[in-house]
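User: I have a model open and want to go through its fold, sheet, ring pairs and largest pocket. Please keep the answers short.

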Amino acid sequence: MGRHYLLVCALLLLASWTVLGQLCTSANIQTVARVVFGEARGESSEGQLAVAYSIVNRVNHKGYPNTLNKVVYQKYGKIYQYNTLSEPAHDKAWADAKKSNTTEYRNAVKASSDALCGKVADPTGCATDYCAYDPCSATKSNKWWKATNKKKIGNHYFVCRVKA
């Protein structure tokens, strides 16, 4: 088990570095920061980082699309998975914060950069889903995926997903 386990861990680490390297672009950082700004503005830096990592973890999860833009802009009907993107007031708040370079804007960008570029470890471990209350559909198991490793960070509950 020892050598095989170490080889598997090394391959997973290499794959993570490769994916993170591909995600670490200015455009991607702005895309994720927009979500973090809307979903976790006012949260601690750890809470904002956790939301950013939920996007990274979805890109790497077989239950979600495998590109950052497809994950971020995934819809269920007419509503975006990240609800804040469906709110017109969010567009204005984001544009104003970006133009004024507010602390909230800079914090969202930092959390996004830290996650996408692998500068800071994932505080969730593997979370793809989160919700402001528990239980909710995002934190409960379903017939396809089991919710595991539930963790509360700030005002959100985060869960990882494994095949049911």
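Analyst: One definition before we start: a residue is buried under 20% relative accessible area, exposed over 50%, and partly exposed in between. By that rule Trp94 is buried, and so is Tyr105. Note that this is a predicted model.

User: What pattern does the protein follow along the sequence?

Analyst: The secondary structure comes to six helices and five strands. Of the 164 residues, 41% count as buried. Read from start to end, the pattern is α-α-α-α-β-β-α-α-β-β-β.

User: Which strands stand at the edges of the open sheet?

Analyst: The sheet has three strands with antiparallel pairing, in the order E3-E5-E4. An edge strand has a single partner, so one side of it is left without a neighbour in the sheet. The strands that fit are E3 and E4.

User: What does the twist average from one strand to the next?

Analyst: E3 and E5 run antiparallel and are joined by three bridges. In that pairing, Cys131 stands opposite Tyr157 of E5. From one strand to the next, the twist averages 25°.

User: Which residue is the bridge partner of Lys151?

Analyst: Strand E4 covers residues 145-153, and strand E5 covers residues 156-163. They pair in the antiparallel sense over seven bridges. In E5, the partner of Lys151 is Phe158.

User: Which residue in the turn of the E4 and E5 hairpin has a positive phi?

Analyst: Two residues lie between the strands of this hairpin. Phi in the turn is about 60° at one glycine. That residue is Gly154.

User: Where does Asn149 lie, and is this residue buried or exposed?

Analyst: Most residues other than glycine have a negative phi. Asn149 departs from that habit, with a positive phi near 50°. The residue lies in strand E4. At 51% relative accessibility, over the 50% cut-off, Asn149 counts as exposed.

User: How does Asn101 count by relative accessible area?

Analyst: Asn101 also has a positive phi, about 50°, although it is not a glycine. Its place is the loop between H5 and H6. The relative accessible area is 38%, so Asn101 is partly exposed.

User: Which peptide bond is cis, with omega near 5°?

Analyst: Most peptide bonds are trans. The loop between E3 and E4 holds Pro135. With omega near 5°, the cis bond runs from Asp134 to Pro135.

User: Is the Tyr82 and Tyr130 pair stacked, edge-to-face or tilted?

Analyst: By the 6.5 Å centre cut-off, the count comes to five aromatic pairs. For Tyr82 and Tyr130 the ring centres are 6.4 Å apart. The planes stand at 35°, so the pair is tilted.

User: How many residues apart in sequence are the parts that this pair ties together?

Analyst: Tyr82 counts as buried at 2% relative accessibility, and Tyr130 counts as buried at 11%. Tyr82 lies in the loop between E2 and helix H5, whereas Tyr130 lies in strand E3. The parts are therefore 48 residues apart in sequence.

User: Trp94 and Tyr105 also form a ring pair. Which residues do ring pairs link into a cluster with them?

Analyst: The Trp94 and Tyr105 pair is tilted, at 5.2 Å centre to centre and 50° between the planes. It links helix H5, which holds Trp94, to helix H6, which holds Tyr105, eleven residues apart. A further ring joins these two in the cluster, that of Phe37.

User: How far apart in space are Gly47 and Ala111?

Analyst: Gly47 lies in helix H3. At 1% relative accessibility, Gly47 counts as buried. Gly47 and Ala111 are 64 residues apart in sequence, yet C-alpha to C-alpha they stand at 9.0 Å.

User: Which residues are the closest to the centre of the largest pocket?

Analyst: The volume of this pocket is about 570 Å³. Its lining has 22 residues. The closest to the centre are Arg58, Gln81, Asp129, Ser137 and Ala138.

User: Which element gives the most to that lining?

Analyst: The lining divides into ten nonpolar, seven polar and five charged residues. Helix H2, strand E2 and strand E3 are the elements that give two or more residues. With three residues, the one that gives the most is E3.

Terms used:
Residues numbered from 1 in each chain as written. Predicted model: local features only at pLDDT ≥ 70, side-chain atom pairs only at ≥ 80, totals over all residues. Heavy atoms only, no water. Pairing = 2+ DSSP bridges. Helix = DSSP H or I, 4+ residues; strand = E, 2+ residues; numbered from the N terminus. 1 Å grid on protein atoms, 1.4 Å probe; cavity = no way out; pocket = protein on both sides within 12 Å on 5 of 7 lines; lining within 4 Å. Points joined across faces, edges and corners; volume = space filled by probe spheres on them. Nonpolar A, V, L, I, M, F, W, Y, C, P; charged D, E, K, R; others polar. Axes fitted to C-alpha atoms, helices over the stretch in contact; angles between N-to-C directions. Phe/Tyr/Trp six-rings, centres within 6.5 Å; stacked < 30°, edge-to-face > 60°. Buried < 20%, exposed > 50% of the residue type's maximum accessible area, 1.4 Å probe, protein only.
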